[in-house]
Every structure is written in structure tokens, then in C-alpha cells.
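Student: I am new to this structure and would like to look closely at one part of it. Could you take me through that part slowly, and then show me how its surroundings are built?

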Amino acid sequence: MTVAENPTTVAPETVPLRRNRRFQTLWAGSAAAMLGTCVADTAYPLLLLAMTGSPTLAGAFGAVQFGASVLFGLHGGAVADRHDRRRVLIVADTVRLLTALSVAVALLAHRLTVPHTLLAAAAIGATMAYGGPARMLALRAVVPPEQLRQALSQDELRVNGAALAGPPLAGLLLGLGRAVPFLATVLASAAALGASIAVRFDSGTTDGTTDGTTDGATDGATGGTTGDAADGAADGGKEKGAVFAGLRYLLTDPTLRATVLVTVALNLAGSAMLLAVMVLLRDHGTSEAGTGLALTGEAVGGLLGAPLVTRLHRTLAPGTLLLAVAWSAALLFLVPAFAVGPVMVFAALAAMSLGVPALRVMLDVLVFQQVPEAMRGRAVAATMTLLMTGLPVGTMTAGLLLDHLPATTVLPLLAALFAAGLLPLTLGRSLRGTSWPKA
């Protein structure tokens, strides 16, 4: 792996990460954006349910938001590769701010309608598609390579902390008034926008600039750059079909393909498992509050796992780490089926999530940092889109199974299907031969 040699970029970043003002400012803005998103994801459906009494319309918010994210996901990566990423991030944060403000004002004026709310869902989904890759690459652009894992470990605290705090905070704020959680998202969006405006960083667009991390894609972990996809990197996403160049690159390289496929399968199986345990807890008389608390095990496990990232990376090769997390998840699927109760569900989810932060950081180091700079936004967007697509597929699969089978049967079945998918990748060479890139 070639390290970018730009003294004007690297020299200021040799300070300890806690004193890196650009990273900490961007991280704080990203944390605010993530918390605002988690609050909104709970507050909007509750608001629609209160306005209409219709669970279908309440669920429509998430469906529209997800649909917009997937629809614009790959194009968002192409935009991040073709245009200045800081400007893309500022535009996305501005749109999210104006969207939240429009809903809050409409609520205060007693003029909010269902179409307005669903348009807000589409706008939020689109800002995630365009701002997501730019924000991820911005955080990585302001730290030197030797601090990357430490920075990404801190970023895991943002993700899991927001996932843990967002839903209860949304309920608390909604109890103070219908407009209150949306005013809070306005403040969160303003904080994210302020950070995006305040921090300048190398945007890594295709005019020859870099982000201060890597400018090559070959190392011992990935086995080299694939021809067609690599040829499409230098165009900045302008040629026909360039939107799919990042996806082609990931699926053509054997190691990257195996890494992404296992991660997508883990996401799909995890979403299916969550629905199954919800049904299981309901069937055993657990209250909605008890079910909600049990499901927080996922975020708690992520928080506890963030400090373990460096140790796990130091102990395990990337392929071994990926397979270890995946196989442990397959085994932990069985726990709620044989030890029913919210406490066991919480414990199983927490244990399952301990290795997830190390896995996400591994995905960044092994995949995103090895893709050519000119295609990095598209590779990030392709991975994010694949991961998001796994959520509804997993939930739909579990729903179909639960219509015909009890949850205590569905969970072992999901574990068996997941294990069957892991087996050929475990026995193959693509993951067993991986190693960490050399800085």
C-alpha cells in the first residue's frame, strides 16, 4: 500500500488524536447527525401513528426513507468521487436541516400533513445516500494512517451511542410536545452542518488530490487491482456505467467479494433474528418496554466492543476475525430459542455485537482504504447499499417463516442457513489467506 507523501497534509496530523481538532470537530458533527437520525427514526413513526392511527402509514416512513437511500445510494458514491466531498457534505447537511425545520414549523402551525412527512422521509433517505459516503471519507481524511484504527474505534462509539440513546430520547421528547423531537433534530442538523463548514479537508476528487490516507489499491490483503473496474476509477464517475464501478470492483476481487458477502449475510441474518426474537418475546408475554430493553443489548455490545478493536486486530488476521464473528453469531442465534426471556435475548445480542466494531473497522481498513482513491466514494456507497438491502430482505424472510413456523424453530433454521452460507467461504482460500495491509 502506498502512503500519500504530502507534507502539508500529514505534518499537522502527527498530534495525538484527542488534540486533532479537525477530526474531533467532524466527529462531534457526525455524532450529532447520527443522534438526530436515531431520534427521527423513532419520532416520525410515532408521530404518524398519533396523527392517523394507522400502523401502515407509521411504517411507511421507514419504507420511504429506506427506498430513497437505496435508490440514490450508488449515485451518491459517484457524486462523492466526482465532486468536492466537503461541498457534498455541506449540501446534504443543509437539506437535512431544512427538512427538519419544515416539519417542526408545520407542527407548530398545526399544518403538518402525511404527504409532507413522507416527503421528509424521502429527503432524509436521499441525504443519507449522498452525505453518508462523503462523511465517512471526511472523517478518514483528517487523520494520518497510523491513527486510523484509533479514529475508527472512536467512531464506533458514535454509532452505538446514538443507537442506544436515540429511541428513548425520542420518546421522552415526544412526551414534552409533538414538535419537540423535531426541534431537537433541527439543532442536531445545525451542529452537523456547522462542523462540515468549519473543517476543511482534502476531498480526494479526481483532479489529483488525495485524502491523506492511501492513493493505491494493491497490497497483500486484496491481491491487486482488477482491470475493468480500476480502469473506470480515473474517470471520476463520468463514463457510462461508472455508478456501478465500485460495485464491480468489490465483486471482482476474490478477497473483497468474500469480505463484503459475509458482512452482508451477517446483516441479513441479524435483521431476521431480531424480528424472530421480537415475536418470541411477545409469545412469552414480555411487555413492549421489556422487549425494547432486551433489544438494546445490540447497542450495549457495540459500545463494549469498541475498545476491543485494536486488540482484536492485533490478535487475529482479518479473514479469521470476520469468520470468528460470523460463526459466533450463528451459534448465538440458538440462545434465545432454548433460553427464552428478555435477559437472555439482551445477553445474546450483546455478545453477538462485541466483535461488530472490530468488523466494521476491518471493513474500512481492508476494503475502503485499498480501493483506488478515484473510486473510493463509489466503493463505500456500494457497500452501504448492499448492507442496507440486507435489512428488509432479512426481515421479509423472517416474516414469511414466522407465518408458518414458531419462533423457536425459525431461530435454529436461520442459524443453519447462515452456517451453510458461511461454510464454503470458511473452507475457501480467499479469506484464510488475508493479512492486514502494511502502513
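Student: With which residue does Glu156 form a salt bridge, and how far apart are the closest N and O atoms?

Tutor: Before answering, I should say that this is a predicted model, and what follows describes that model. The partner of Glu156 is Arg360, and the closest N and O atoms of this salt bridge are 2.7 Å apart. Glu156 belongs to helix α6 (residues 148-176) while Arg360 belongs to helix α17 (residues 356-366), so the pair ties together parts of the chain that are 204 residues apart in sequence. The two partners can also be described by their accessibility: Glu156 has a relative accessible area of 6% and is therefore buried, the cut-off being under 20%, whereas Arg360, at 35% relative accessibility, counts as partly exposed. As a general remark, side chains of opposite charge can pair when their charged atoms come close.

Helix α17 also holds Pro357, and this residue helps to fill in the picture around Glu156. Pro357 has 0% relative accessibility and so counts as buried. If its neighbours within four places in sequence are left aside, Pro357 is in contact with Glu156 itself, and also with Asn160, Gly302, Gly305, Ala306 and Val309. The C-alpha atom of Pro357 is separated by 8.3 Å from that of Leu303, although these two residues are 54 residues apart along the chain.

The salt bridge of Glu156 belongs to a set of seven in the structure, and others in that set are worth following. Arg135 and Asp93 meet through their side chains in a salt bridge with an N to O distance of 2.4 Å. Here Arg135 lies in helix α5 (residues 114-141) and Asp93 in helix α4 (residues 85-108), so this pair ties together parts that are 42 residues apart in sequence. Both Arg135 and Asp93 are buried. A further residue, Ser196, touches both of these partners, and its contacts also include Arg86, Leu89 and Ile90, when residues up to four places away in sequence are not counted. Ser196 has its place in helix α7 (residues 180-198), and with a relative accessible area of 0% it is buried.

Another salt bridge joins Arg85 to Asp81, with the closest N and O atoms 3.2 Å apart, and both of these residues are buried. Returning for a moment to Glu156, which is buried with a relative accessible area of 6%, we can set beside its pair a network in which salt bridges that share partners join Asp81, Arg85 and Arg378.

Aromatic rings make a second kind of link, and the structure holds four aromatic pairs. One of them is formed by Tyr44 and Phe61, which are stacked, with 4.3 Å from centre to centre and 10° between the planes. Tyr44 lies in helix α2 and Phe61 in helix α3 (residues 55-82), so this pair ties together parts that are 17 residues apart in sequence. Tyr44 is buried, with a relative accessible area of 2%, and Phe61 is buried as well, with a relative accessible area of 1%. In another pair, the rings of Phe72 and Tyr130 have their centres 5.9 Å apart and their planes at 40°, so this pair is tilted. Phe72 lies in helix α3 and Tyr130 in helix α5, and the pair links distant parts of the chain, 58 residues apart. Phe72, at 30% relative accessibility, counts as partly exposed. Ring pairs also link Tyr44, Phe61 and Phe182 into a cluster.

Helix α2, where Tyr44 lies, deserves a look of its own. This helix (residues 21-52) has 32 residues and, at 1.5 Å a residue, should span 46 Å, which agrees with the 46 Å between its end C-alpha atoms. Its N-terminal end is capped by Asn20, a side-chain oxygen of which lies 3.3 Å from the backbone nitrogen of Arg22, and just after the helix Gly53 takes a positive phi of about 75°.

Finally, the largest nonpolar core has 81 residues, and those with the most contacts inside it are Phe23, Phe333 and Phe418. Helix α10 (residues 254-283) gives the most to this core, with 15 residues.

How values were computed. Residues numbered from 1 in each chain as written. Predicted model: local features only at pLDDT ≥ 70, side-chain atom pairs only at ≥ 80, totals over all residues. Heavy atoms only, no water. Core = buried A, V, L, I, M, F, W, Y, C linked by side-chain atoms within 4.5 Å. Buried < 20%, exposed > 50% of the residue type's maximum accessible area, 1.4 Å probe, protein only. Helix = DSSP H or I, 4+ residues; strand = E, 2+ residues; numbered from the N terminus. Expected span 1.5 Å × (residues − 1). Polar contact = N/O pair within 3.5 Å; in protein donor to acceptor, adjacent residues only side chain to side chain. Salt bridge = Lys/Arg side-chain N within 4 Å of Asp/Glu carboxyl O. Contact = heavy atoms within 4.5 Å. Phe/Tyr/Trp six-rings, centres within 6.5 Å; stacked < 30°, edge-to-face > 60°.
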